[in-house]
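Dear colleague,

I am handing over the structure below, together with some notes on what was found in it. Please read them with the coordinates open beside you.

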Amino acid sequence: MTSLTDRFKQVYSRIREAEQASARKPGAVQLLAVSKTKPASDIAVLYRLGLRHFAESYVQEALDKQRQLAHYNITWHFIGPVQSNKTRLIAGHFSWVHSIDRFKIARRLHQQRPDFLPPLNICLQVNISDETSKSGVSLGDLPQLAEHITSLHRLRLRGVMAIPAPLTGLQQQRQPYRRLVEAVAALQMTGLDTFSFGMSGDLEAAIAEGATLVRIGSALFGKRPYP
Ligand SMILES: *Cc1c(COP(=O)(O)O)cnc(C)c1O
């Protein structure tokens, strides 16, 4: 059986090789470990290997693990759908939210972000695969949402996140990311430094298109018991 340590080494070298292949600086791409459905003990193993950024998709499950790992210096990211009735807990217990696609939710997070915490880092989730069922703001609505969010001073808009429809082949996987990078450049906004692109199956394509942060679950932790 492959251990967490082995998988960590594999993911780490995939990232380093992808950085090299596209002439990115070594270390330019941050590894965000997606620990949803996985126990706090797995997080502790990766923490000892040096990882500090972990992402969760379910609020209650995340809070349980945060309590168990309270003495660890972890930066917590929220990457799941944000429901209105969960914004207060998210605003109080996370440093980053990658899945903002509506102003209403952003405004609640702004209103509920405690004053004693630094601004909440935000990525706008953009739908780049034109699937009406998937969440994410459309490319067309991105400029207006981005503009509105910059007026909320307890939030800090850092960039965009995308989950493209699964495709095989490096060139096919790169295309949706490329379109989004172009759309972000067209915004001509300062302070955007984050492309939250790439998961276990397409991190090479994401890094080739400029990912600054890859969100890796199954390739690190092994298969999940539920989606
Ligand atoms: C679960 C999840 C991931 C990780 O996916 P893997 O394919 O297991 O690496 C990344 N991003 C989001 C938003 C997720 O929900």
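I begin with alanine 106, which is found in helix α5, the helix made of residues 103-112. Its relative accessible area is 0%, so alanine 106 is buried. If you would like a sense of distance within the fold, the C-alpha atoms of alanine 106 and aspartate 64 are 24 Å apart in space, while 42 residues separate the two in sequence. Please keep in mind throughout that this is a predicted model, and that every value in this message was computed from it.

The ligand

The ligand sits in the largest pocket. There are 13 residues around the ligand, and those that come nearest are Lys36, Ser200, Gly217, Ser218 and Arg224. For three of these I can give you a distance to an oxygen atom of the ligand. In lysine 36, a polar side-chain atom lies 2.7 Å from such an oxygen, while in serine 200 an N or O atom of the side chain is 2.5 Å from an oxygen atom of the ligand. With glycine 217 the contact is made by the backbone, where a polar atom is 2.8 Å from a ligand oxygen. On its own the ligand has 390 Å² of accessible area, and the protein covers 88% of it.

Serine 200 deserves a second look. Serine 200 has its place in the loop between β7 (194-196) and α8, and with a relative accessible area of 16% it is buried, since the limit for that word is under 20%. Besides the ligand contact, the side chain of serine 200 reaches the backbone nitrogen of alanine 219, at 3.0 Å.

Salt bridges

How many salt bridges does the model contain? The count comes to 10, and I describe some of them here.

One of them joins the side chains of glutamate 204 and arginine 14, with 2.8 Å from N to O. Because glutamate 204 lies in helix α8 (residues 203-208) and arginine 14 in helix α1 (residues 4-21), this pair ties together parts that are 190 residues apart in sequence. Both partners are partly exposed, glutamate 204 with a relative accessible area of 29% and arginine 14 with 26%.

Another salt bridge is formed by glutamate 209 and arginine 174, whose side chains meet at 2.6 Å, N to O. This pair, too, links distant parts of the chain, as glutamate 209 is in the loop between α8 and β8 (213-216) and arginine 174 is in helix α7 (residues 170-187), 35 residues apart. Is glutamate 209 buried or exposed? Its relative accessible area is 11%, and glutamate 209 is therefore buried.

Salt bridges that share partners also join Glu56, Glu61 and Lys65 into one network.

Arginine 102 and aspartate 101 form a further salt bridge, in which the closest N and O atoms are 3.9 Å apart; the rule accepts a separation within 4 Å, so the pair is counted. Arginine 102 is partly exposed at 39% relative accessibility, and aspartate 101 is likewise partly exposed, with a relative accessible area of 22%.

Arginine 102 can also be placed relative to serine 135, which is found in the loop between β5 (120-125) and α6 (142-149). The two residues are 33 residues apart along the chain, and their C-alpha atoms are separated by 9.9 Å. Serine 135 counts as partly exposed, at 41% relative accessibility.

Backbone angles

Finally, I would draw your attention to two residues other than glycine that have a positive phi. Alanine 23 has a phi near 55° and lies in the loop between α1 and β1 (30-34). Threonine 37 has a phi near 70° and is found in the loop between β1 and α2 (40-48). As for their surroundings, alanine 23 is exposed, with a relative accessible area of 72%, whereas threonine 37 is buried, with a relative accessible area of 14%.

With best regards

Technical notes:
Residues are numbered from 1 along each chain as its sequence is written. This is a predicted model: local features need pLDDT of at least 70, side-chain atom pairs count only at pLDDT 80 or more; totals for chains, interfaces and linings use all residues. Side-chain values use heavy atoms; hydrogens and water are left out. Helices (H or I, at least four residues) and strands (E, at least two) are DSSP runs, numbered from the N terminus. Buried means under 20% relative accessible area, exposed over 50%, partly exposed in between (1.4 Å probe, protein chains only). A residue is near a molecule or strand if one of its heavy atoms lies within 4 Å of it. A polar contact is a pair of N or O atoms within 3.5 Å; within protein, one must be able to donate a hydrogen and the other to accept it, and residues adjacent in sequence count only if both atoms are side-chain atoms. Accessible areas come from the Shrake-Rupley method with a 1.4 Å probe; for residues, only the protein chains shown count as cover. On a 1 Å grid over the protein atoms alone, a cavity is a set of points where a 1.4 Å probe fits but cannot get out, and a pocket is an open set with protein on both sides within 12 Å along at least five of seven lines; lining residues have an atom within 4 Å of a point. A molecule sits in a cavity or pocket if more than half of its atoms lie within 2 Å of its grid points.
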